[in-house]
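Please look through the model below with a single side chain in mind. The text begins at that residue and then moves outward to the elements around it.

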Amino acid sequence: DSQTRVLATGGASSNKAILQVLADVFNAPVYVQESANSAVLGAAYQAKQGHLLGSDAGDNEESHEAITACLPEPTLACSPFQDAAEIYDPMVIRYRKIISMIESQ
């Protein structure tokens, strides 16, 4: 899906090699949030959305995008290499077959 993107947070998000592997495996661009504690911030915004959706305070059907619109846009850190799908797609098929075999035992 061309809309897919990965948002990396936490300590590993500063490791360019790990971000490149993520981009290649998911065949999607990887973005990072420049703010400190971005994982905690994301959890707080999800909690806010859950609270608003669960409250009786009128029309609170705000989307996650609307709630987080005040945040700066994440920064593109890595894009997948052109041959990433050619390399990783067969691995995903193989992995799924192995998992299927394990589950059937």
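Start with Gln20, which belongs to helix 1. The model is a predicted one, and the values that follow are computed from it.

Is Gln20 buried or exposed? Its relative accessible area is 17%. Buried means under 20%, so Gln20, at 17%, counts as buried.

What does Gln20 touch beyond the residues up to four places away in sequence? Its contacts are Cys78, Ser79, Pro80 and Phe81. With Ser79 there is also a polar contact: a polar atom of the Gln20 side chain lies 3.0 Å from the backbone oxygen of Ser79.

Now turn to the sheet. It is open and has 3 strands, in the order 1-2-3, and the pairing is mixed. Which strands form its edges? They are strand 1, residues 6-8, and strand 3, residues 75-78, and each of these pairs on one side only. From one strand to the next, the twist averages 45°.

Helix 1, made up of residues 16-26, packs on this sheet. The helix touches strand 1, strand 2 and strand 3. Its direction makes about 85° with that of strand 3. Cys78, one of the residues that Gln20 touches, lies within the range 75-78 given for strand 3.

The pairing of strand 1 can be followed on the model as well. Strand 1 pairs with strand 2, residues 30-32, in the parallel sense, and 3 bridges join the two. In one of the pairs, Ala8 has Val32 of strand 2 as its bridge partner.

Technical notes:
Residues are numbered from 1 along each chain as its sequence is written. This is a predicted model: local features need pLDDT of at least 70, side-chain atom pairs count only at pLDDT 80 or more; totals for chains, interfaces and linings use all residues. Side-chain values use heavy atoms; hydrogens and water are left out. Two strands pair if DSSP finds at least two bridges between them. Helices (H or I, at least four residues) and strands (E, at least two) are DSSP runs, numbered from the N terminus. Axes are lines fitted to C-alpha atoms, for helices over the stretch in contact, and angles run from 0 to 180 degrees between N-to-C directions. Contact means heavy atoms within 4.5 Å. Buried means under 20% relative accessible area, exposed over 50%, partly exposed in between (1.4 Å probe, protein chains only). A polar contact is a pair of N or O atoms within 3.5 Å; within protein, one must be able to donate a hydrogen and the other to accept it, and residues adjacent in sequence count only if both atoms are side-chain atoms.
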